[in-house]
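Hi,

Here's the structure I promised to pass on. Have a look first, and my notes follow underneath.

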Amino acid sequence: MSRPSGISAAIGQEHEGEPVRGLPGRLPEGEHILWQGEPDWRVLARTAMRAHWVAIYFGVLAAWNLVNGLVQGSGLASTLTSVGWTVAVGAVAVGLLVGYAVLVARTTVYTMTNKRFVLRHGVALSKCFNIPYRTIGAAAVKVDSKGFGDIPLSLADGARIAYPH
């Protein structure tokens, strides 16, 4: 079997040495994993990246270019060139958002133990947050109609994460 190459191989190998997937080290005595999960890239692209809205925006721009070009009498070739460039730029924008969502999903792991919540994330720079339950002010689960959900956490008064996340 040949060794994988490229970005996906580098992402897959970055955390191969983890003693426990998604955790910076072995669990201490008396601590055990209750739940572990990771984001779905399709849901992330749709909800966090709003890729579908960007696609709709560029679709509207392309339709506007088409109608405007035909109404102004710019010529079919010129109008189609303008529409083509708009579609191409829109495809690049949506592709970048979806690509970023894939990378985020591949590098993020959420772990809930009986004592803490651990968030490992980071595409370019990997970061791991250990959040003891005593520092969590509130937690909830928001599940959408397709069965995917978010776990919003808010920290208790005085608790801070020394990282813009």
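Let me start with Thr86. Leaving out neighbours within four places in sequence, Thr86 is in contact with Phe58, Leu61, Ala62 and Asn65. One of these stands out for its chemistry: the Asn65 side chain makes a polar contact with the side chain of Thr86, at 2.6 Å. Thr86 is found in helix α4. With a relative accessible area of 12%, Thr86 counts as buried, because the cut-off for that is under 20%. Do keep in mind that this is a predicted model.

On to the inside. The largest nonpolar core is made of seven residues, namely Leu44, Ala45, Met49, Ala51, Val94, Ala101 and Val104. Two elements, α2 (41-47) and α4 (76-107), each give two or more residues to this core, and α4 gives the most, with three. If you want one residue to click on, try Leu44: not counting residues up to four places away in sequence, Leu44 touches Pro39, Met49, Ala101, Val104 and Ala105. There's also a second, separate core of five residues, including Leu119, Phe129, Ile131 and Ile136.

Now the outside. Leu34, Trp35, Val141, Val143, Ile151 and Leu153 form a nonpolar patch on the surface. Together they have about 540 Å² of accessible area. Leu34, one of the patch residues, is found in strand β1 (residues 33-37). Is Leu34 buried or exposed? Its relative accessibility is 54%, so Leu34 counts as exposed, the cut-off being over 50%.

Cheers

Notes. Residues are numbered from 1 along each chain as its sequence is written. This is a predicted model: local features need pLDDT of at least 70, side-chain atom pairs count only at pLDDT 80 or more; totals for chains, interfaces and linings use all residues. Side-chain values use heavy atoms; hydrogens and water are left out. A nonpolar core is a set of buried Ala, Val, Leu, Ile, Met, Phe, Trp, Tyr and Cys residues joined through side-chain atoms within 4.5 Å. Buried means under 20% relative accessible area, exposed over 50%, partly exposed in between (1.4 Å probe, protein chains only). Helices (H or I, at least four residues) and strands (E, at least two) are DSSP runs, numbered from the N terminus. Contact means heavy atoms within 4.5 Å. A polar contact is a pair of N or O atoms within 3.5 Å; within protein, one must be able to donate a hydrogen and the other to accept it, and residues adjacent in sequence count only if both atoms are side-chain atoms. Patches are made of residues with over 30% relative accessible area and no salt bridge: like charges are joined within 9 Å, nonpolar side chains (Val, Leu, Ile, Met, Phe, Trp, Tyr) within 5 Å. Accessible areas come from the Shrake-Rupley method with a 1.4 Å probe; for residues, only the protein chains shown count as cover. A salt bridge is a side-chain nitrogen of Lys or Arg within 4 Å of a carboxyl oxygen of Asp or Glu.
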